[in-house]
Amino acid sequence: MPSEKILIVDDDQNICELLRLYLDKEGYQTQIAHDGETAIATFESWRPGLVLLDVMMPKMDGWEVCRRIRALGDVPVIMLTAKGETFDKVLGLELGADDYVVKPFDTKEVVARIKAVLRRCAPAENGREGIIQFENLSLDMGRYELKVGGKVVEAPPKELELLAYLAGHPNRVFTRDQLLDEVWGFEYYGDSRTIDVHIKRLREKLEGASEQWCLKTVWGVGYKFEVKD
């Protein structure tokens, strides 16, 4: 049975208790926060392994909570919200969220996504161990550590997995759907714009590192990690 700690953050007590019921049954440890300020305080003191985070909350909204969690580390975050607009999804991903669930949701689906995200964030279970190295780039998937120009660069697990997959197949072009299948897995229910958001964030971290390689857009097809001869 899993022993991962999960922080549930939502101002709707019924949703919190329902999620807690299902997660406790699965063997997870849970705590609940009903507003953003309490969420941050609980996060800092309890150090959960994953956060289920509502967007619309009193005192501090989910966007700001996500920003602060990201400033403290790379703990996976799944956003929970009644809003389904593309803008909100993209904003959540740009802030570092690992997944996005729109209310009303099936609780079993949320549990399945939690399991999928935790699997992806556990190096020993991913089968993605190993070190990938190019000029001014070192990616150690055993430690989930990215170094650019010899300096450690913080990045969420999903960005590292996407970079590892592309850099592990240099000069090969992948469609967005292929990358979703290979990196996010079949449990992912989102759309292919997720890939665009993560590529954008990776490019910002890798900008100017080397002229020997780059993350290249292949228009009308997808992306590749291009290495020059």
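Helix α3, residues 62-72, lies across strands β3 and β4 in this predicted model. Its direction is about 175° to that of β4. A second helix, α1, spans residues 13-25. Helix α1 lies across β1, β2, β3 and β4. Here the angle is given against β2: about 170°. Strands β3 and β4 therefore carry both helices, with contact meaning heavy atoms within 4.5 Å.

Now take the sheet beneath these contacts. The sheet is open and built from five strands. Read across, the order is β2-β1-β3-β4-β5, and the pairing is parallel. The edges are β2, residues 29-33, and β5, residues 99-102. Each edge strand pairs on one side only. From one strand to the next, the twist averages 20°.

Strand positions along the chain help in tracing this order. Strand β1 covers residues 5-9, β3 covers 50-54 and β4 covers 77-81. Look closer at one pairing. Strands β1 and β2 run parallel and share five bridges. Within that pair, Val9 stands opposite Ala33 of β2. In a regular strand, side chains alternate between the two faces of the sheet.

Further along the chain comes a hairpin, formed by β6 and β7. Strand β6 holds residues 131-134, and β7 holds residues 137-140. These two strands pair in the antiparallel sense over four bridges. Ile131 stands opposite Asp140 in β7. Two residues lie between the strands. In this hairpin, Asn136 takes a positive phi near 60°.

Technical notes
Residues numbered from 1 in each chain as written. Predicted model: local features only at pLDDT ≥ 70, side-chain atom pairs only at ≥ 80, totals over all residues. Heavy atoms only, no water. Pairing = 2+ DSSP bridges. Axes fitted to C-alpha atoms, helices over the stretch in contact; angles between N-to-C directions.
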